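Please open the model in your viewer, with the sequence panel beside it, and follow the stops below in order.

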Amino acid sequence: MPIAVSDARSNANDQIAHAANALRKSERRKKVFIAIYKGKKKAKTVAEIMKATKLKQVAVLQDGGKLAALHIVNQIKIDGKTAYEKDPFIATNKPKILSLASSPEKLKKYPTKYNQPAAAKSGPLRVIVQGAKIRITPTTIDDFDQFAKAKKVKTPLTRTIPEKVMKGGVCKLIGEKGEFNDWGGEKNDLYTTKLKFKGKRRPVAFAFKGPGMQGTLTPRKLGKNGDQIQRLFLSVAEVYIVQYHSQIDQSVVEQMVAFATMNSVREGKQVWYGVIDGDDTDRLITAYPKAFGVK
């Protein structure tokens, strides 16, 4: 059954504009935001933010609390002390958010569901109205015809294979003979119309993450700038899949939901999205060892 997403921040452009508006209204709040999102550390305590901004504790708590209330950061506890954690989507789009927050003119022209600028020279204006029908549905490898044998695998063997071998194996199962070479700005790792989804061929875009990446997969690990999911959904597809050899964090799925929603509303179509985590990867390799070059 399709999932109806009612979250006001489900549209990617709306999320960016929402954050930019919040920062535009307060230079002090912007300082707190920059301190929280600076560097690789996932969360910062109030004391760390005070040191970075030279603000007093009350000011940090006030603006940190406001950012949390607006869902721009997550308020948590570290050793019993208040701290603020980065939101993966906001972290990925921080440069754009700060740019818009510093320019009222840019923010005014930035397209959202509620702000549609004049049509660009490159094409007609596409208006997205509030209340548009959302048609998105989660999917798994069990829904793909060429992966059918994986359904019968109850105790898969744990295998770790290179990303190139994984992609090649999937291509063999699908019957895709094209060449797909990786480069820094690609939208996807594999795009095909040969995969049969519940008996019907549909355009599918894959993002593969190989064993060179370790630990739980989060959005910031997807792409050099943490924008691989965003780029994946720029592909002209109906089905979008992220594959990884280990655990995939819920935040990856949440981002996929957001972009699937945007595509569905913008293009008026049904969109499917899903992940192939370590368990499903093992099931697939165990079911089709020859395709993946294992014994």
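A residue is called buried here when its relative accessible area is under 20%, exposed when that value is over 50%, and partly exposed in between. Keep in mind throughout that this is a predicted model.

**First stop: T192**

Select T192, which you will find in strand 5. With a relative accessible area of 1%, T192 falls under the 20% limit and therefore counts as buried. Now display its surroundings: apart from neighbours within four places in sequence, T192 is in contact with I174, E176, R202, P203 and V204. Add K194 to the selection as well, since its backbone nitrogen lies 3.0 Å from a polar atom of the T192 side chain.

**Second stop: the five-stranded sheet**

From T192, widen the view to the sheet, which is open, consists of five strands in the order 4-10-9-8-5, and shows mixed pairing. Its edges are formed by strand 4 (136–138) and strand 5 (190–192), each of which pairs on one side only. If you look along the sheet, you can follow an average turn of 15° between neighbouring strands, with direction ignored.

Next, select residues 204–209 and 239–244, that is, strand 8 and strand 9, which run parallel and are joined by six bridges. Which residue of strand 9 is the bridge partner of F206? It is I241, so labelled in your viewer if you turn on residue names for strand 9.

**Third stop: helices against the sheet**

Select residues 250–267 to bring up helix 10, which lies across strand 4, strand 9 and strand 10 (271–276) and runs at about 160° to strand 10. Then add helix 11, residues 278–287, which packs on the sheet and touches strand 9 and strand 10, while its direction makes about 85° with that of strand 10.

**Fourth stop: aromatic rings**

Now show the side chains of the aromatic residues, among which the count comes to eight aromatic pairs. One of these pairs is formed by F206 and F208, whose rings are stacked at 5.4 Å centre to centre, with 5° between the planes. Both F206 and F208 are buried.

Move on to F233 and Y240, where the ring centres are 4.1 Å apart and the planes stand at 20°; because planes under 30 degrees apart count as stacked, this pair is stacked too. Are these two residues buried or exposed? F233 is buried, with a relative accessible area of 2%, and Y240 likewise counts as buried, at 0% relative accessibility. If you add F89 and F259 to the selection, you have the cluster in which ring pairs link F89, F233, Y240 and F259.

**Fifth stop: G168**

Select G168, which is found in helix 8, residues 163–174. Its relative accessible area is 26%, so G168 is partly exposed. Add A291 and draw a distance between the two C-alpha atoms: they are separated by 8.0 Å, although G168 and A291 are 123 residues apart along the chain.

**Last stop: a hairpin**

Finally, select residues 73–78 and 81–86, which are strand 2 and strand 3, paired in the antiparallel sense over six bridges. Within this pairing, Q75 of the hairpin stands opposite Y84 in strand 3. Two residues lie between the strands of the hairpin, and D79 takes a positive phi near 55°.

Notes:
Residues numbered from 1 in each chain as written. Predicted model: local features only at pLDDT ≥ 70, side-chain atom pairs only at ≥ 80, totals over all residues. Heavy atoms only, no water. Pairing = 2+ DSSP bridges. Helix = DSSP H or I, 4+ residues; strand = E, 2+ residues; numbered from the N terminus. Buried < 20%, exposed > 50% of the residue type's maximum accessible area, 1.4 Å probe, protein only. Phe/Tyr/Trp six-rings, centres within 6.5 Å; stacked < 30°, edge-to-face > 60°. Axes fitted to C-alpha atoms, helices over the stretch in contact; angles between N-to-C directions. Contact = heavy atoms within 4.5 Å. Polar contact = N/O pair within 3.5 Å; in protein donor to acceptor, adjacent residues only side chain to side chain.
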